[in-house]
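Trainee: May we go through this model by question and answer, with the criteria stated as they arise?
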Amino acid sequence: CNVTSTYAKAIASYAPVAGDEVVAFVGEGVVANTAIPANFAPEGYQVEVAADGTYFVDDQAIAQVDGENFGKVEWAFEAAIESGKTLTLLTNYDAASYTFEVPAGKSFTIDLNGFVLTGSSNQRNHQMFINNGTMVVNDSSNATGEIRYTFTGERDGSMGTGNYTISNRGSLTLNAGTINNATESSSTRHMLDAVDNNSTLRDATFTINGGTVKCDAYMAIRQFANSTTHKNDVVINGGSVGKIFVQGSNANAQKASLQVKGGEVVGLFVSFELNSQNLALDVDTSCITSDYMHFYLDSTHKVHTDANGKLSMLQGTQVAQVGTGYYSFEDAIAKANETGEKVVLIADATMDKATNVTANVTIDLNGKTLKLNAATLYFLDCQATITNGTLDLSGVVAKGDCIIGVGNYSKDGTLTLTNV
């Protein structure tokens with residue numbers, strides 16, 4: 001029995017079956033001039049009949065790399081890493097608890113081709129894929145391709161351990177297909193994410209151009225910014241994404257950025273209380289499909305949504321109070337319109353977009369200056385008072401437009417200025 005091995009496809013020792021004359025036994029080639037029992041072929045191989053009637057053992061067609069079939073995805077993965085060629089799934093495949101690890105400096109592209117690659121483990125801190133290099137996920141068939149992982153073990157209850165479909169520690173791109181952590185939901189706490197974008201060891205970037213990222217049990221994406229030297233970036237240009245957890249775990253966390261430019265995102269949970277200055281947000285809120293939006297930042301930062309629905313970070317100090325502090329004059333007025341409470345400036349402030357006062361409120365400048373950089377500050381259907389400070393109108397080039405408006409063609413308004 002002659003044995004050869006290609007891409008670690010080592011063939012175990014098999015005793016010849018009585019009546020079979022074995023000429024040779026190789027991974028891919030002619031093996032016998034009489035019939036070979038099917039169970040004579042090792043796992044991942046199959047017995048085939050050549051055109052001349054002889055029998056040989058060849059790979060099952062499970063996955064393909066550069067035109068060569070492989071009987072196990074694990075073998076195809078090794079070939080793809082070595083060659084840099086795309087691994088294409090040819091059927092559904094269960095990789096059990098195997099971990100596919102892309103080494104640093106290497107590239108790996110998988111074409112799901114409409115099929116499902118599954119994995120599972122009952123061990124905590126297990127990942128189906130670990131990407132230290134460059135990984136690209138495509139699906140060239142009918143968009144039903146999926147990388148599906150399930151954790152079947154006991155949850156730790158403390159969020160101290162995690163099980164991820166992909167732990168990305170390099171560059172990961174999803175163009176099509178689904179990345180799914182299919183673990184069932186439970187009240188017991190455990191870090192379960194489809195993609196853990198982790199910058200502890202090196203820069204980590206996850207770009208989503210299409211496809212789906214989902215995890216019903218916890219977060220679709222955990223953006224774990226936990227480095228003093230490495231950046232952590234998530235860019236969503238399209239596709240469908242579940243909830244995203246942006247986590248600056250400690251005061252050492254380095255810069256992280258989340259950009260949502262297209263597609264759909266279920267919600268955001270942002271926890272950057274210790275180092276908010278290191279976080280950049282550029283989120284088109286029209287892409288957020290629920291009201292699940294939670295932000296935990298330090299006292300000098302806030303999120304701000306402009307008139308076009310773009311959410312970003314603002315850095316600075318609180319400039320006004322309406323019961324509690326606000327970082328912009330416009331936000332303070334919005335709150336006063338709801339409650340009728342007094343607006344008190346606690347620092348010089350600017351008004352950078354048109355603002356309507358629609359409640360009977362007092363704006364106490366409190367000895368500070370309110371500079372208008374945009375037209376118009378309107379007082380509509382209200383009786384309002386501005387007291388004790390300076391209104392600076394030099395930031396507006398009106399060109400005939402109104403800078404401060406009291407009433408308009410359809411609404412009345414009254415404004416009283418005292419010590420202004």
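The exchange below covers the cores, the aromatic pairs, the charges over rings, a helix, a strand residue and the cysteines.

Mentor: This is a predicted model, in which local features need pLDDT of at least 70 and side-chain atom pairs count only at pLDDT 80 or more, while totals for chains, interfaces and linings use all residues. Residues are numbered from 1 along each chain as its sequence is written, and side-chain values use heavy atoms, with hydrogens and water left out.

Trainee: Which helix gives the largest share of the largest nonpolar core?
Mentor: A nonpolar core is a set of buried Ala, Val, Leu, Ile, Met, Phe, Trp, Tyr and Cys residues joined through side-chain atoms within 4.5 Å; buried means under 20% relative accessible area, exposed over 50% and partly exposed in between, with a 1.4 Å probe and protein chains only. Of the 63 residues in the largest core, Leu 87, Phe 108, Leu 117, Phe 206 and Val 213 touch the most other members. Helices (H or I, at least four residues) and strands (E, at least two) are DSSP runs numbered from the N terminus. The largest share of this core, seven residues, comes from helix 1 (residues 73-83).

Trainee: How many residues does the second, separate core have?
Mentor: Val 343, Leu 345, Ala 384 and Ile 386 are included in this second core. Its size is 28 residues.

Trainee: How many aromatic pairs does the structure hold, and how is the pair of Tyr 98 and Phe 100 classed?
Mentor: Rings of Phe, Tyr and Trp (its six-membered ring) pair if their centres lie within 6.5 Å; planes under 30 degrees apart count as stacked, over 60 as edge-to-face and the rest as tilted. The structure holds seven such pairs. With 4.9 Å centre to centre and 70° between the planes, Tyr 98 and Phe 100 are edge-to-face.

Trainee: Which of Tyr 98 and Phe 100 is buried?
Mentor: Tyr 98 has a relative accessible area of 31%, so this residue is partly exposed. The value of 1% makes the buried residue Phe 100.

Trainee: How far apart in sequence are the parts tied together by Phe 108 and Phe 129?
Mentor: These two rings are stacked, at 6.3 Å centre to centre and 25° between the planes, and both residues are buried. Because Phe 108 lies in strand 9 (residues 107-111) and Phe 129 in strand 11 (residues 127-131), the pair ties together parts whose separation in sequence is 21 residues.

Trainee: Over which ring does the charged end of Arg 222 sit?
Mentor: A charge sits over a ring if NZ of Lys or CZ of Arg is within 6 Å of the ring centre and within 35 degrees of the ring normal. Lys 243 lies over the face of Tyr 292, at 4.1 Å from the ring centre. For Arg 222 the distance to the ring centre is 3.9 Å, and the ring is that of Phe 224.

Trainee: What arc do the buried residues of helix 2 cover?
Mentor: In helix 2 (residues 329-339), the buried residues are Phe 329, Glu 330, Ala 332, Ile 333 and Ala 336. They lie on the same side of helix 2, because the arc around the axis, taken from the directions from the helix axis to the C-beta atoms, is only 155°.

Trainee: Is Ser 171 buried or partly exposed?
Mentor: Ser 171 lies in strand 15 (residues 171-174). Its relative accessibility is 30%, so Ser 171 counts as partly exposed.

Trainee: How many disulfides are there?
Mentor: A disulfide is a pair of cysteine sulfur atoms within 2.5 Å. Cys 215 counts as buried at 8% relative accessibility, and Cys 287 counts as buried at 7%. By the distance rule, the count of disulfides is zero.
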